[in-house]
Amino acid sequence: MMGVGTGIVFVMMALFEEKNLLNYDNKSHVGRFYLIWMISLGFSIGVSFLPITGWPYLFVFVLLSLYSNTLIGMASGIMLLSVSVILSGADINVFLLYLFAGLVGIVMFSKLDENYRIGFPLMVSSMMLLTTLTAGSVLFENSKLKLELFVIPFLNVVISTILLLVLLKVFSATVIFKYRDIYLEITDPEYMLMVQLKEKSKADYYKVIHTAYFCDRICKRLGTDSDACKTAAYYHIIGQMTEHQSWEEISHLCIEHRFPTPAIQILEEYLNPDCIVQKKETAVLLFSEGVISSILYLMHNEDKTKLDYNQIIETVFKTKLQSKKLDHCILTLEELNLMKNIFKEEKLYYDFLH
């Protein structure tokens, strides 16, 4: 069963990796999940020798889902739990109690963004675990109820909560805020590349500032990587700044300045003519640059008071979609319309463009 389960999990990881459906940066670190899975297999054997109310499976379910995605976390957690139940000789009731608690934990921590609000998910997950373990002691214990029955479930909740806190601390440092410092550094107006751009062309400098503003705002509304998209917006004309023309030269420059991988991927899709646009963030950059460039151009060549911003935005969206460049992008129609509405809400902002 462990062998079959491992095979299923590995196949699922390969399929989701191919379709770019793994959460966070897991596509670039698939080996990390495989290591966690193998350690978890040993864990599933070890906990079978513990009292059945003392298995910290809430932690395992959340761990597996964070380093893969929700569906793989559920499937792999269920397989490991099945191994422990079979080895310990426990009945189906134990399996269901831990399953419910684990699924709640996965759902609660399924979306961790840059705000990193973990208090409510942690409280709900811990309370669910305490409820299920207490219910198991009350409903399925054959002996008389006594205080000792609840000691191990309580310790399980405490240990699981501590393990989750440690996991979330590590996860924030290595995944969620992995690139925080470098993003702050390279998007600083005083950073050497930005200073170089400003000295070369103030018009281009302000254009990328305005483009980055919309990329940041739209990505936050869409729930995508706003830091990476904003950084790509600052440097989408990096070839003009540095007189590097080919993508190979530009990519080496990005690596030299320690650009985070997500930002480089967006820039590659945007700047490399041989690259297919798939990421939502790249689409946001394309539309943001198109809207800002069109409005700035018309402001310098037409009567500013007569500009119809809604019509300009509609034209930009129609042109970008007809170009076929976004045919393989995973952006939905709902997200496309939301983006268009955000642009239309900013009429006062356009009046102050320069």
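**Entry 1: Lys178 and Asp25.** I began with Lys178, which I note as partly exposed because its relative accessible area is 34%. Since this is a predicted model, I keep in mind that every value here is computed from it. I then looked up the partner of Lys178 and found a salt bridge with Asp25, in which the closest N and O atoms are 4.0 Å apart. This pair links distant parts of the chain, with Lys178 in the loop between α7 and α8 (180-186) and Asp25 in the loop between α1 (2-18) and α2 (30-46), 153 residues apart. Asp25, unlike its partner, I enter as buried, because its relative accessible area of 16% falls under the 20% cut-off.

**Entry 2: Arg258 and Glu185.** I next turned to the side chains of Arg258 and Glu185, which meet in a salt bridge at 2.9 Å, taken from N to O. Here too the pair links distant parts of the chain, since I find Arg258 in the loop between α13 and α14 (261-271) and Glu185 in helix α8, 73 residues apart. For Glu185 I read a relative accessible area of 35%, so I list this residue as partly exposed.

**Entry 3: Arg217 and Glu346.** I looked up Arg217 and found that it forms a salt bridge with Glu346, the closest N and O atoms being 3.1 Å apart. I place Arg217 in helix α10 (residues 202-222) and Glu346 in the loop between α17 (333-344) and α18 (347-351), so that the pair, 129 residues apart, again links distant parts of the chain. I record Arg217 as partly exposed with a relative accessible area of 25%, whereas Glu346 is buried with 10%. I also noted that salt bridges sharing partners join Asp25, Arg32 and Lys178 into one network. In total, I find that the structure holds 10 salt bridges.

**Entry 4: Ser251.** I moved to helix α13 (residues 247-256), in which Ser251 lies, and at 14% relative accessibility I count Ser251 as buried. I see its side chain reach the backbone oxygen of Glu248 at 2.8 Å. I also checked Ser251 against Asn272, 21 residues apart along the chain, and their C-alpha atoms are separated by 10.0 Å.

**Entry 5: a nonpolar patch.** Last, I looked at the surface, where Val151, Ile152, Phe154, Leu155, Val158, Ile159, Ile162, Val166 and Val170 form a nonpolar patch with about 740 Å² of accessible area together. From this patch I picked out Ile162, whose place is in helix α7 (residues 151-176), and which I count as partly exposed because its relative accessibility is 49%.

Definitions and conventions. Residues are numbered from 1 along each chain as its sequence is written. This is a predicted model: local features need pLDDT of at least 70, side-chain atom pairs count only at pLDDT 80 or more; totals for chains, interfaces and linings use all residues. Side-chain values use heavy atoms; hydrogens and water are left out. Patches are made of residues with over 30% relative accessible area and no salt bridge: like charges are joined within 9 Å, nonpolar side chains (Val, Leu, Ile, Met, Phe, Trp, Tyr) within 5 Å. Accessible areas come from the Shrake-Rupley method with a 1.4 Å probe; for residues, only the protein chains shown count as cover. Helices (H or I, at least four residues) and strands (E, at least two) are DSSP runs, numbered from the N terminus. Buried means under 20% relative accessible area, exposed over 50%, partly exposed in between (1.4 Å probe, protein chains only). A polar contact is a pair of N or O atoms within 3.5 Å; within protein, one must be able to donate a hydrogen and the other to accept it, and residues adjacent in sequence count only if both atoms are side-chain atoms.
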